[in-house]
Amino acid sequence: MEFIKFEKVRDGKYLKNYELTYRNKAGREKKYEMVSRRNLNGVEDIGGKPSGVSIVATYQDKMLLLHEFRMGVNRTVYNLCAGMLEPDESIEECILRELYEETGLKVKHISKILPPSFAAVAISDTTTYIAFVEVEGDFEDHTSENEQIDARFYTKAEIKSLLETESFSSRAQLAAYFFAER
(Lines give C-alpha, C1' and ligand atoms only; values in the text may rest on other atoms or scores of the structure.)
Protein backbone atom coordinates (compact mmCIF):
# COMPACT_ATOMS: atom_id res chain seq x y z
CA MET A 1 0.00 0.00 0.00
CA GLU A 2 1.32 3.40 -0.98
CA PHE A 3 0.19 6.39 1.08
CA ILE A 4 -1.04 9.34 -1.04
CA LYS A 5 -3.01 11.82 1.09
CA PHE A 6 -4.15 12.60 4.65
CA GLU A 7 -7.09 14.91 5.43
CA LYS A 8 -9.11 15.82 8.54
CA VAL A 9 -12.81 15.68 7.62
CA ARG A 10 -14.47 16.36 10.98
CA ASP A 11 -13.29 17.84 14.26
CA GLY A 12 -15.58 16.55 17.02
CA LYS A 13 -15.22 17.32 20.73
CA TYR A 14 -13.77 13.87 21.56
CA LEU A 15 -13.17 12.21 18.19
CA LYS A 16 -11.43 13.56 15.10
CA ASN A 17 -12.32 11.99 11.75
CA TYR A 18 -9.69 11.59 9.03
CA GLU A 19 -9.63 10.28 5.49
CA LEU A 20 -6.52 8.56 4.22
CA THR A 21 -5.93 7.85 0.56
CA TYR A 22 -3.75 4.95 -0.53
CA ARG A 23 -2.80 3.31 -3.79
CA ASN A 24 -3.67 -0.37 -3.35
CA LYS A 25 -1.69 -3.30 -4.72
CA ALA A 26 -3.80 -3.21 -7.91
CA GLY A 27 -2.72 0.42 -8.47
CA ARG A 28 -6.14 1.93 -7.69
CA GLU A 29 -6.85 4.65 -5.14
CA LYS A 30 -8.48 3.49 -1.92
CA LYS A 31 -9.99 5.99 0.54
CA TYR A 32 -10.05 4.89 4.17
CA GLU A 33 -11.83 6.56 7.08
CA MET A 34 -10.44 6.52 10.62
CA VAL A 35 -10.97 8.31 13.92
CA SER A 36 -8.53 9.47 16.55
CA ARG A 37 -8.88 10.93 20.02
CA ARG A 38 -6.05 13.31 19.16
CA ASN A 39 -5.40 16.01 16.62
CA LEU A 40 -3.13 14.49 14.00
CA ASN A 41 -0.98 16.76 11.84
CA GLY A 42 -0.11 14.06 9.36
CA VAL A 43 0.10 10.34 8.73
CA GLU A 44 3.31 10.21 10.80
CA ASP A 45 1.28 11.08 13.95
CA ILE A 46 -1.06 8.06 13.64
CA GLY A 47 -0.79 5.84 16.72
CA GLY A 48 1.89 8.05 18.19
CA LYS A 49 0.70 8.60 21.74
CA PRO A 50 -1.16 6.29 24.13
CA SER A 51 -4.50 7.66 25.30
CA GLY A 52 -5.49 5.50 28.24
CA VAL A 53 -5.49 2.24 30.14
CA SER A 54 -7.56 -0.92 30.61
CA ILE A 55 -7.17 -2.52 34.03
CA VAL A 56 -7.36 -6.26 34.72
CA ALA A 57 -7.93 -6.22 38.48
CA THR A 58 -8.09 -9.13 40.90
CA TYR A 59 -8.85 -9.55 44.58
CA GLN A 60 -7.88 -12.89 46.12
CA ASP A 61 -9.30 -15.48 43.67
CA LYS A 62 -11.82 -13.15 42.00
CA MET A 63 -11.72 -10.77 39.06
CA LEU A 64 -13.19 -7.28 38.90
CA LEU A 65 -15.66 -6.66 36.10
CA LEU A 66 -17.77 -3.61 35.46
CA HIS A 67 -21.32 -4.07 34.20
CA GLU A 68 -21.79 -0.71 32.55
CA PHE A 69 -24.03 1.06 30.09
CA ARG A 70 -22.07 2.09 26.99
CA MET A 71 -23.71 4.72 24.80
CA GLY A 72 -21.72 3.67 21.73
CA VAL A 73 -23.49 0.30 21.63
CA ASN A 74 -26.68 1.39 23.47
CA ARG A 75 -26.53 -1.45 25.97
CA THR A 76 -25.01 -2.68 29.19
CA VAL A 77 -21.86 -4.76 28.72
CA TYR A 78 -19.22 -6.35 30.91
CA ASN A 79 -16.04 -4.33 30.73
CA LEU A 80 -12.72 -3.73 32.40
CA CYS A 81 -12.11 -0.69 34.52
CA ALA A 82 -10.58 1.75 32.05
CA GLY A 83 -10.04 5.39 31.27
CA MET A 84 -8.16 8.14 29.57
CA LEU A 85 -4.80 9.60 30.58
CA GLU A 86 -5.01 13.19 31.79
CA PRO A 87 -2.43 15.69 30.50
CA ASP A 88 0.93 15.23 32.29
CA GLU A 89 -0.38 12.15 34.18
CA SER A 90 1.79 9.04 34.44
CA ILE A 91 0.29 5.66 33.55
CA GLU A 92 0.59 4.61 37.20
CA GLU A 93 -1.30 7.71 38.34
CA CYS A 94 -3.98 7.04 35.72
CA ILE A 95 -4.42 3.46 36.96
CA LEU A 96 -4.91 4.59 40.57
CA ARG A 97 -7.28 7.42 39.61
CA GLU A 98 -9.46 5.43 37.20
CA LEU A 99 -9.78 2.47 39.54
CA TYR A 100 -10.82 4.76 42.39
CA GLU A 101 -13.21 6.86 40.27
CA GLU A 102 -15.03 3.86 38.79
CA THR A 103 -15.04 1.53 41.82
CA GLY A 104 -13.75 3.21 44.99
CA LEU A 105 -11.08 0.50 45.20
CA LYS A 106 -7.36 1.09 45.73
CA VAL A 107 -4.40 -0.54 44.03
CA LYS A 108 -2.54 -2.90 46.34
CA HIS A 109 0.06 -3.94 43.76
CA ILE A 110 0.69 -3.35 40.06
CA SER A 111 1.87 -6.69 38.68
CA LYS A 112 2.48 -5.70 35.07
CA ILE A 113 1.81 -2.89 32.61
CA LEU A 114 1.96 -4.05 29.01
CA PRO A 115 3.22 -1.70 26.29
CA PRO A 116 0.47 0.25 24.48
CA SER A 117 -1.61 -1.74 22.01
CA PHE A 118 -4.16 -0.67 19.41
CA ALA A 119 -7.73 -0.74 20.73
CA ALA A 120 -9.65 -0.88 17.41
CA VAL A 121 -7.28 -1.25 14.46
CA ALA A 122 -10.06 -1.27 11.85
CA ILE A 123 -11.27 2.25 12.70
CA SER A 124 -8.92 4.07 15.07
CA ASP A 125 -5.32 4.75 16.01
CA THR A 126 -6.20 4.73 19.72
CA THR A 127 -3.59 2.92 21.79
CA THR A 128 -3.98 1.98 25.43
CA TYR A 129 -1.95 0.25 28.08
CA ILE A 130 -3.22 -2.91 29.73
CA ALA A 131 -2.40 -3.10 33.43
CA PHE A 132 -2.65 -6.13 35.72
CA VAL A 133 -3.25 -5.15 39.33
CA GLU A 134 -4.24 -6.52 42.71
CA VAL A 135 -6.78 -4.35 44.51
CA GLU A 136 -8.17 -3.78 47.98
CA GLY A 137 -10.82 -1.71 49.70
CA ASP A 138 -14.57 -1.32 49.48
CA PHE A 139 -16.75 -0.41 46.54
CA GLU A 140 -17.85 3.22 46.39
CA ASP A 141 -19.49 5.13 43.57
CA HIS A 142 -17.37 8.08 42.42
CA THR A 143 -18.63 8.04 38.82
CA SER A 144 -19.89 11.05 36.91
CA GLU A 145 -23.55 11.57 36.07
CA ASN A 146 -22.76 10.25 32.58
CA GLU A 147 -21.60 6.83 33.81
CA GLN A 148 -23.76 3.92 34.91
CA ILE A 149 -21.44 1.30 36.40
CA ASP A 150 -22.05 -1.70 38.64
CA ALA A 151 -18.62 -2.95 39.78
CA ARG A 152 -18.11 -6.26 41.54
CA PHE A 153 -15.80 -9.24 41.87
CA TYR A 154 -16.61 -12.52 40.10
CA THR A 155 -15.40 -16.05 40.74
CA LYS A 156 -14.05 -18.18 37.92
CA ALA A 157 -17.30 -20.18 37.82
CA GLU A 158 -19.40 -17.00 37.62
CA ILE A 159 -17.23 -15.65 34.82
CA LYS A 160 -17.48 -18.92 32.85
CA SER A 161 -21.26 -18.59 33.01
CA LEU A 162 -21.24 -14.90 32.01
CA LEU A 163 -19.01 -15.64 29.02
CA GLU A 164 -21.69 -17.95 27.61
CA THR A 165 -24.63 -15.55 27.89
CA GLU A 166 -23.57 -11.91 28.28
CA SER A 167 -22.17 -9.09 26.13
CA PHE A 168 -18.55 -8.07 26.76
CA SER A 169 -16.04 -5.63 25.37
CA SER A 170 -13.44 -7.65 23.49
CA ARG A 171 -10.60 -6.92 25.94
CA ALA A 172 -12.78 -7.78 28.94
CA GLN A 173 -13.96 -10.98 27.27
CA LEU A 174 -10.40 -12.08 26.54
CA ALA A 175 -9.12 -11.21 30.02
CA ALA A 176 -12.13 -12.89 31.68
CA TYR A 177 -11.70 -16.06 29.61
CA PHE A 178 -8.04 -16.45 30.52
CA PHE A 179 -8.73 -15.63 34.19
CA ALA A 180 -11.50 -18.24 34.38
CA GLU A 181 -9.46 -20.94 32.61
CA ARG A 182 -6.20 -20.68 34.55
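Is Ser36 buried or exposed? In this predicted model, Ser36 has a relative accessible area of 1%, which means that the residue is buried. The tour starts from this serine.

**Stop 1: Ser36 and the cavity**

Select Ser36, which is found in strand 3, residues 29–36. Display its side chain together with Asp125; a polar contact of 2.7 Å joins the two side chains. Then add the backbone of Arg38, whose nitrogen lies 3.1 Å from a polar atom of the Ser36 side chain.

Next, extend the selection to Ser36, Arg37, Arg38, Lys49, Ser51, Asp125, Thr126 and Thr127, the residues that line the largest cavity. The volume of this cavity is about 50 Å³, and the count of cavities of 30 Å³ or more comes to 1. Colour the lining by residue class: 4 residues are polar, 4 are charged and none is nonpolar. Both partners of the 2.7 Å contact, Ser36 and Asp125, belong to this lining.

**Stop 2: Thr21 in strand 2**

Move to Thr21, a residue of strand 2. Its relative accessibility is 2%, so Thr21 counts as buried. Show the side chain of Lys31 as well: the side chains of Thr21 and Lys31 make a polar contact of 3.4 Å.

**Stop 3: the aromatic pairs**

A pair of aromatic rings is described by the distance of the centres and the angle of the planes. The count for this model is 7 aromatic pairs. Select Phe3 and Tyr22, whose rings form an edge-to-face pair, with 5.8 Å from centre to centre and 75 degrees between the planes. This pair links distant parts of the chain, since Phe3 belongs to strand 1 (residues 2–11) and Tyr22 to strand 2 (residues 16–23), 19 residues apart. Phe3 has a relative accessibility of 33% and therefore counts as partly exposed. Tyr22, at 22%, also counts as partly exposed; the cut-off for buried is under 20%.

Now select Phe139 and Phe153. Their pair is tilted, with a centre-to-centre distance of 5.1 Å and 50 degrees between the planes. Phe139 lies in the loop between strand 9 and strand 10 (149–154), while Phe153 lies in strand 10, so the pair ties together parts that are 14 residues apart in sequence. The accessibility of the two rings' residues should be inspected separately: Phe139 is partly exposed at 35%, whereas Phe153 is buried at 14%. Add Tyr59 to the view, as Tyr59, Phe139 and Phe153 form one aromatic cluster.

**Stop 4: Lys156, Phe179 and Glu181**

Select Lys156 and Phe179. The charged end of Lys156 sits over the ring of Phe179, 5.6 Å from the centre of that ring. Keep Lys156 selected and add Glu181, a residue of helix 3. Glu181 and Lys156 are 25 residues apart in sequence, and their C-alpha atoms are 7.5 Å apart in space. Glu181 has a relative accessible area of 44%, so this residue is partly exposed.

**Stop 5: the second largest pocket**

Which residues are closest to the centre of the second largest pocket? This pocket holds about 310 Å³ of space. Of its 16 lining residues, Val56, Phe132, Ala175, Phe178 and Phe179 are the closest to the centre. Phe179 has already appeared as the ring beneath the charged end of Lys156.

Colour the secondary structure elements in turn. Strand 4, strand 8 (106–118), strand 9 (127–136) and helix 3 each supply at least two lining residues. Helix 3 gives the most, with 5 residues. By class, the lining comprises 11 nonpolar, 2 polar and 3 charged residues.

**Stop 6: the largest pocket**

The last selection is the largest pocket, with a volume of about 1900 Å³. It is lined by 49 residues, and those nearest its centre are Arg37, Arg70, Ala82, Gly83 and Met84. Arg37 was also selected at the first stop, as part of the cavity lining.

Several elements each supply at least two residues of this lining: strand 4 (52–59), strand 5 (62–70), strand 6 (75–79), strand 7 (81–84), helix 1 (91–103) and helix 3 (170–181). Colouring by class separates the lining into 19 nonpolar, 14 polar and 16 charged residues. Strand 4 and helix 3 appear here and in the lining of the second largest pocket.

How values were computed: Residues numbered from 1 in each chain as written. Predicted model: local features only at pLDDT ≥ 70, side-chain atom pairs only at ≥ 80, totals over all residues. Heavy atoms only, no water. 1 Å grid on protein atoms, 1.4 Å probe; cavity = no way out; pocket = protein on both sides within 12 Å on 5 of 7 lines; lining within 4 Å. Points joined across faces, edges and corners; volume = space filled by probe spheres on them. Helix = DSSP H or I, 4+ residues; strand = E, 2+ residues; numbered from the N terminus. Nonpolar A, V, L, I, M, F, W, Y, C, P; charged D, E, K, R; others polar. Phe/Tyr/Trp six-rings, centres within 6.5 Å; stacked < 30°, edge-to-face > 60°. Buried < 20%, exposed > 50% of the residue type's maximum accessible area, 1.4 Å probe, protein only. Lys NZ or Arg CZ within 6 Å of the ring centre and 35° of its normal. Polar contact = N/O pair within 3.5 Å; in protein donor to acceptor, adjacent residues only side chain to side chain.
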